[in-house]
Amino acid sequence: MNFLELAARRRSIRVYNPDRPVEPEKLERCIEAVRLAPSACNAQPWKLVVITDPKLKEQVAGAASAKWLGFNHFTKQAPVMVVIVREDPNLTSRLGTVLKDKPYTIMDVGIAAEHFCLQAADEGLGTCILGWFDETRVKQLLGIPKKKRAELIITLGYPAKNEVPLKIRKTKEQICSYNHYE
């Protein structure tokens, strides 16, 4: 498929097929897509913690579920979870962040996450990127140092349904203008 077809196919999956595990070679290609992702000053300020152990995954899913808001409970169905930890940037990226007042490492983590998700979609897998979770608990469970940030969790698995629903998006005119902000 071409890139626009892939972009249209990629969506947030919240219902996974519990009977179909993720093949290790597909998971490895998703990790490789992150390794190849661009970053400011080639800082590559991320580390992936891939969770495949069912007991640990259950605990991390519990830390991602918001009981009082009633969301992210689907995380318990996902066969794999990936936590993206923001690492310290290299000197040039750090300098650029200060001089330009732009959070390059956060942007870089987002780019890496989307590379993972697009590769997963190409593999026929589904993903959902989570930003709402108990970061302190996740860090404790995974042995992530206190000074590091667990920025995102990505759930990974085969979707329970293969339908690709129509994406509701703003029009091109709402998101783009040429030569002048309108």
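Here is a walk through the predicted model of a protein chain, from its overall build down to a few single residues. Because the model is predicted, local features need pLDDT of at least 70 and side-chain atom pairs count only at pLDDT 80 or more, while totals for chains, interfaces and linings use all residues. Residues are numbered from 1 along each chain as its sequence is written, and side-chain values use heavy atoms, with hydrogens and water left out.

Let's start with the fold. The protein chain has seven helices and four strands, where helices (H or I, at least four residues) and strands (E, at least two) are DSSP runs numbered from the N terminus. Read from that end, the order is α-α-β-α-β-α-α-β-α-β-α.

Now the overall dimensions. The C-alpha trace spans about 50 × 40 × 35 Å along its principal axes. The radius of gyration of the protein chain is 17 Å, which agrees with the value near 16 Å that a compact globule of 182 residues would have. That radius is taken over C-alpha atoms, and the globule rule is 2.2 Å times the number of residues to the power 0.38.

What share of the 182 residues is buried? Buried residues come to 40%, with buried meaning under 20% relative accessible area, exposed over 50%, and partly exposed in between (1.4 Å probe, protein chains only). On the outside, the protein chain exposes about 11,300 Å², and carbon and sulfur atoms supply 56% of that. Accessible areas come from the Shrake-Rupley method with a 1.4 Å probe, and for residues only the protein chains shown count as cover.

Contacts say something about how the sequence folds back on itself. A contact means heavy atoms within 4.5 Å. Take the contacts with a separation of 6 or more: residues 24 or more positions apart account for 77% of them.

Two residues give a feel for this. Ser93 sits in helix 4 (residues 91–100), and it counts as buried because its relative accessibility is 0%. Leaving out residues up to four places away in sequence, Ser93 touches Ala40, Cys41, Ala43 and Tyr104. Asp122, in contrast, belongs to helix 5 (residues 104–122) and counts as partly exposed, at 43% relative accessibility. With the same sequence neighbours left out, Asp122 touches Met1 and Leu6. From Asp122 to Gly110 is twelve residues in sequence and 18 Å in space, C-alpha to C-alpha.

On to charges. The protein chain carries 28 positive and 21 negative side chains, and the centres of the two sets lie 4 Å apart. Here Lys and Arg count as positive and Asp and Glu as negative, with His and the chain ends not counted; the place of a charge is NZ of Lys, CZ of Arg, CG of Asp or CD of Glu.

How many salt bridges are there? The count is six, a salt bridge being a side-chain nitrogen of Lys or Arg within 4 Å of a carboxyl oxygen of Asp or Glu. One of them joins Glu123 and Arg29, at 2.5 Å from N to O. This pair links distant parts of the chain, 94 residues apart: Glu123 is in the loop between helix 5 and strand 3 (126–130), and Arg29 is in helix 2 (residues 24–35). Glu123 is buried, at 12% relative accessible area, whereas Arg29 is partly exposed at 39%.

Another salt bridge pairs Arg86 with Glu151, at 2.6 Å from N to O. It ties strand 2 (residues 80–86), home of Arg86, to strand 4 (residues 149–157), home of Glu151, across 65 residues. Arg86 is partly exposed at 23%, and Glu151 is buried at 16%.

Strand 4 turns up again with Arg149, whose partner is Glu135 in helix 6 (residues 135–142), 14 residues apart. In this salt bridge the closest N and O atoms are 2.8 Å apart. Arg149 is partly exposed at 38%, and Glu135 is buried at 18%. Salt bridges that share partners also join Glu87, Asp88 and Lys148 into one network.

Finally, a look at the backbone. Gln44 has phi near 50°, a positive value in a residue other than glycine. Its place is the loop between helix 2 and strand 1 (46–51), and Gln44 is partly exposed at 34% relative accessibility. Asp101, also not a glycine, has a positive phi near 55°. Asp101 lies in the loop between helix 4 and helix 5, and it counts as exposed because its relative accessible area is 68%.
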